[in-house]
Amino acid sequence: MSDPWQECLEHCVEVATQAGKVIREALKSDIAVMHKSSQVDLVTETDQRVERLIISSIKAKFPTHSFIGEESVAAGAPSVLTDDPTWIIDPIDGTTNFVHGFPFVCVSIGFTVKKQIEFGVVYSCIEDKMYTARKGKGAFCNGVPIKVSGQEDLSQCLVLTEVCFKKDPHRFDAMMANLRSVLTIPVHGIRSPGSAAVNMCLVASGAADAYYHAGIHCWDMAGGAAVVTEAGGVVTDVSGGPFDLMSRRLIAASSRAVAERLTRHITEFNVGRDDADGS
Ligand code: IPD
């Protein structure tokens, strides 16, 4: 039987490639920075332009499909996952990196049907690495199959997470306590590349062994979660329960053993849900 979503995946790769070109061009000129929820929640005209480009290109080809896009939601669009074929888009994942020319900047797109991720595309456009994953068909970087490290011992792991201060001191304290708890296991090290989707692709390709984060969004997770799963990794909630795309929390790991052990070192804190207003 032919794959009903193959055409969507092909179009997704095309549009991510175009978006990546726009982002690379924009890096050559001055970048005007605006703020969203706080002084450290950055957005640029390029984020907004690239999201419009992606959505208009997909809409022209697939007019009945639904969208959840980071900048559309910031502008007031609903963030509700339905059973419809839905494109979940982060036009620039790593906006702070983009503003500083730090080279982990990607276009991240996940595609769901009946709330299940069918495929993910993450284009790390400065590195020129195109990660793709189709459910049941493996994960690839620039067309070459990728695999997680398979590491099962957390003490042998290179772990990724993100460190930032976003208004709430309680969340900051919990995040620092988690960092301390994981570092003192001890693990081989913790890195913080600045893009959730790139973090997941690093785990998927075996360059890192685990990534944990509470406080990100469905558009940061959808594309990368497909890549990790198809590369043989596991994606779970930070509690160890099943991964929930709208929960704003995840662990992506090289093995279930690493994910499970990591949950024991992470104290959960409330980050709300992406669909809190809608379902
Ligand atoms: C951000 C990145 C970053 C994470 C932030 C996200 P954005 O996405 O994924 O790694 O720490 O929480 O908001 O805003 O650059 O698309």
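## Exercises on a ligand site and a second pocket

Strand S4 (residues 86–93) contributes 3 residues to the shell around the ligand, the most of any contributor, and the exercises below, which concern a predicted model, start from that shell.

**Exercise 1.** Describe the shell around the ligand by its members and their classes, and then work out where the ligand lies with respect to the two domains.

*Solution.* Begin with the membership: the ligand is surrounded by 14 residues, and the closest are Asp90, Asp93, Gly94, Thr95 and Ala196. Next, sort the shell by class, which gives 6 charged, 5 polar and 3 nonpolar residues. Finally, consider the domains: because domain 1 (6–145) and domain 2 (154–277) both give residues to the shell, the ligand lies between them.

**Exercise 2.** Find which polar protein atoms lie opposite oxygen atoms of the ligand, taking pairs of N or O atoms within 3.5 Å, and state how much of the ligand the protein buries.

*Solution.* Take the side chain first: a polar side-chain atom of Asp93 is 2.7 Å from an oxygen atom of the ligand. Turn then to the backbone, where a polar atom of Ala196 lies 3.0 Å from a ligand oxygen, and a polar backbone atom of Ser195 lies 3.3 Å from a ligand oxygen. For the burial, the ligand taken alone exposes 370 Å², of which the protein buries 89%.

**Exercise 3.** Characterise the second largest pocket by its volume, its lining and the domains from which that lining is drawn.

*Solution.* The space in this pocket amounts to about 390 Å³. Its lining consists of 19 residues, and those nearest the centre of the pocket are Lys115, Gln116, Ile117, Phe243 and Leu245. Sorted by class, the lining has 10 nonpolar, 6 charged and 3 polar residues. As for secondary structure, at least two lining residues come from each of strand S6 (116–124) and helix H7 (218–230). At the level of domains, domain 1 (6–145) and domain 2 (154–277) each supply at least three residues of the lining.

**Exercise 4.** Locate the cis peptide bond and the residue that has a positive phi although it is not a glycine.

*Solution.* The cis peptide bond joins Ile185 and Pro186, with omega about -5°, and Pro186 is placed in the loop between helix H5 (169–183) and strand S11 (189–191). The residue with the positive phi, about 50°, is Asn142, which lies in the loop between strand S8 (139–141) and strand S9 (144–145).

Definitions and conventions: Residues numbered from 1 in each chain as written. Predicted model: local features only at pLDDT ≥ 70, side-chain atom pairs only at ≥ 80, totals over all residues. Heavy atoms only, no water. Near = heavy atom within 4 Å. Polar contact = N/O pair within 3.5 Å; in protein donor to acceptor, adjacent residues only side chain to side chain. Areas by Shrake-Rupley, 256 points an atom, 1.4 Å probe, with all protein chains shown as cover. Helix = DSSP H or I, 4+ residues; strand = E, 2+ residues; numbered from the N terminus. Nonpolar A, V, L, I, M, F, W, Y, C, P; charged D, E, K, R; others polar. Domains from an automatic or database assignment. 1 Å grid on protein atoms, 1.4 Å probe; cavity = no way out; pocket = protein on both sides within 12 Å on 5 of 7 lines; lining within 4 Å. Points joined across faces, edges and corners; volume = space filled by probe spheres on them.
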